[in-house]
Amino acid sequence: MKKNMFKWNVIALVGVVIGFSSCGEEVIPEKEEIAIEVNVQDTVLLDMPELDPDMAYSVPTPNELFAVIKETGVLYDGTILNAPENIEKYSSKKNQALNFGVYFTDLAFASSFSENASILSYFGTIKILSDDLGISNALDAAIYEKVEANLENDDADSLLFLSNDTYFQAYSYLEENERGSTLALIVLGGWIESLYIMTNLGEYEEGSNLIARIGEQKLTVGNLMGFMMKYQDDSNVAEVMEELADIEELFWSFEEEEGDDVTTSQEGDVYVLSGGSTIIVSAEQYEELKELVAALRKDIIEGEL
Amino acid sequence: MKRLFTNLFLVALVIAPSALFSQNCRNIVKYCGHAKRDGFLRNGQSLSGAFAQGDTAEITFVVYKDMEYRISLCSPTHDELDGTFEFKIVEQITKPAWKDVITYETETEYDDYGEELEVRTEKKSRRRVYNKVDVVRYDNKKDEDAQEFIFISDKTRKLTIKVFIPLSEGEEEGQGLEAETYACVGLLIEHQPGPTTGFSR
């Protein structure tokens, strides 16, 4: 009996030690060698990386993305966005959460281009969905009055701030109230809508800024999956992760072209990170991506997922 | 058997406060100083969590080309930690290299009497290999322990921040497994469109 007790004590102690050490340790640089056929000089196809369950993964916000997209010189096109009237189609919590992400992305797109009529309309749609999802408490009660006031004053910067802060508040509220699976669906819906908008703003043009920004979403898809992985015990999250698999695999087929050596310099109090590889998207890959995204987005906005 | 339950109870007693603590840390980042007046917007990639003091936490995030970012840390539950965080910004890059590979081929030959002989020949070839290497882009220890990092990037890239959560004054590493060794830490990421020309703000 004493021997058994000793065994249990050891097991319990090992459990504690493992539990605590998984919180993070000084990491030894990971090195991995991928053998590539001879004569492949400048491009590399990387395997899908294994996601580390102990790592925290973050996904960029739609506001941030559209601030970058605007700089590519594309024009606003409101006709490609999800119509506010579609809100009637979303009766399940899953579809409400996915389309909260979609509408928020549409709001971010409209805010980036100061499209006032659309901004008001999408704020209104988000308000209805936030009531349905039980997160309206998270949002500033006076937000709609503020939006209207800023629209009257044509204050684009404040509108952008309000749109960004609304997302941050909803995100924080869900996290705080342990509603991670709802948050995961919102983030995924938003990401798909961002991709849909980007792939419908122009035709494929090799080396263009817009295509470069689309290719760079390869970096985000890994973080998105890592973020969703935390909530995959929820059947709704697991289902949409499955729907995303084809898009994820396509992104991993994008090649990376070696660039300049990486450097970090300093200009005043701002550091500048330079160099590194560039992600390359072929015309065929672009068309395939556009098709896959449009199909998944259609299922989301039709409330058929 | 009674001792077993006593031991499990003790283990639960140790773990429960940290789990509870972990819940209380949710969204703690909202208490971190926000640089709104400098034009920064709070970024959804910011994180909150309960971390063991003396450990290193890792968070990976994506930064866009030509956006300006500000990264800072705070611990509203452990004020004494503010100003003492150590952090590194790391980027995993792929470096191409050539690797000499030696392979052996076995051929069958026949001697003068018609007997089979196995001849092993060495073949040298070069293979292109791609090594993943972690490059430290910023280390606050080399910047007078600065507690914020403001940067801009010429490319969209994925970065990992490794934050060392220091021990509170007077505590020693490996002191025990008490809940007090945990701290709520907020990692605040903020962004704003970067300057179109030059990098000074």
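**Exercise 1. Find which residues of helix α4 of chain A are buried, and what covers them.**

Step 1. List the buried positions: Ile119(A), Tyr122(A), Phe123(A), Thr125(A), Ile126(A), Leu129(A), Ser130(A) and Leu133(A) are the buried residues of α4(A). Bear in mind as you work that this is a predicted model.

Step 2. Think about the spacing along the helix. An α-helix has 3.6 residues a turn, so residues three or four places apart point the same way.

Step 3. Look for the cover. The elements lying over the buried residues of α4(A) include α3, α5 (143–153), α6 (156–176) and α7 of chain A.

Step 4. Check the length of the helix. α4(A) spans residues 116–133, which makes 18 residues, and its end-to-end C-alpha distance of 26 Å is close to the 26 Å expected at 1.5 Å a residue.

Step 5. Step past the end of the helix. Gly134(A) follows α4(A) and has a positive phi, near 70°.

**Exercise 2. Decide whether helix α7 of chain A is largely enclosed or not, and describe its length.**

Step 1. Begin with the length. α7(A) has 20 residues and covers 28 Å between its first and last C-alpha, close to the 28 Å expected at 1.5 Å a residue.

Step 2. Now count the buried residues. In α7(A), 19 of the 20 residues are buried, so the helix is largely enclosed by the rest of the structure.

Step 3. Set this beside the whole chain. Chain A has 305 residues, of which 39% count as buried, and its secondary structure comprises 11 helices and seven strands.

**Exercise 3. Work out how α7(A) runs relative to α10(A), α9(A) and α6(A), and name the residues that make each contact.**

Step 1. Take α10 (residues 235–252) of chain A. Its axis is 9 Å from that of α7 (residues 180–199), and the two pack at an angle of about 25°. An angle under 35 degrees counts as roughly parallel, so α7(A) is roughly parallel to α10(A). Their crossing is left-handed. From α7(A), the contact uses Ser181(A), Ala184(A), Leu185(A) and Leu188(A); from α10(A), it uses Asn236(A), Val237(A), Val240(A) and Leu244(A). Sorted by class, these are six nonpolar and two polar residues, with no charged ones.

Step 2. Move on to α9 (residues 217–229) of chain A. Here the axes are 10 Å apart and the angle with α7(A) is about 165°, and α7(A) and α9(A) are therefore roughly antiparallel. This crossing is left-handed. α7(A) contributes Ala184(A), Val187(A), Leu188(A), Trp191(A) and Leu195(A), while α9(A) contributes Gln217(A), Leu224(A), Phe227(A) and Met228(A). The classes come to eight nonpolar, one polar and no charged.

Step 3. Finish with α6(A). It packs with α7(A) at about 150°, with axes 8 Å apart, which makes α6(A) roughly antiparallel to α7(A). Tyr171(A), Leu174(A) and Glu175(A) of α6(A) meet Gly180(A), Thr182(A) and Leu183(A) of α7(A). This contact has three nonpolar, two polar and one charged residues.

**Exercise 4. Locate Gly78(A), classify its exposure and find its contacts beyond its sequence neighbours.**

Step 1. Place it in the chain: Gly78(A) is in the loop between α2 (62–70) and α3 (93–112) of chain A.

Step 2. Count its surroundings. Gly78(A) has 14 other C-beta atoms within 10 Å, so it is partly exposed.

Step 3. Set aside neighbours within four places in sequence, and Gly78(A) is in contact with Glu115(A) and Ser118(A). Ser118(A) is 40 residues from Gly78(A) along the chain, yet their C-alpha atoms are 7.8 Å apart.

Step 4. Compare with the chain. Among contacts in chain A with a separation of 6 or more, 75% join residues 24 or more positions apart.

**Exercise 5. Describe two non-glycine residues with a positive phi, and say whether each is exposed or partly exposed.**

Step 1. Recall the background: most residues other than glycine have a negative phi.

Step 2. Examine Ser114(A). Its phi is positive, about 50°, although it is not a glycine. Ser114(A) sits in the loop between α3 and α4 of chain A. It counts as partly exposed because it has 16 C-beta neighbours inside 10 Å.

Step 3. Turn to chain B. Asp145(B), likewise not a glycine, has a positive phi of about 55°. Asp145(B) belongs to the loop between β6 (116–139) and β7 (148–153) of chain B. With 12 C-beta neighbours inside 10 Å, Asp145(B) counts as exposed, since the cut-off for exposed is 12 or fewer.

How values were computed:
Residues numbered from 1 in each chain as written. Chains lettered and ligands numbered in written order. Predicted model: local features only at pLDDT ≥ 70, side-chain atom pairs only at ≥ 80, totals over all residues. Axes fitted to C-alpha atoms, helices over the stretch in contact; angles between N-to-C directions. Helix = DSSP H or I, 4+ residues; strand = E, 2+ residues; numbered from the N terminus. Parallel < 35°, antiparallel > 145°, perpendicular 65-115°, else oblique. Left-handed = near helix turned anticlockwise from the far one by under 90°. Contact = placed C-beta atoms within 7 Å. Nonpolar A, V, L, I, M, F, W, Y, C, P; charged D, E, K, R; others polar. Expected span 1.5 Å × (residues − 1).
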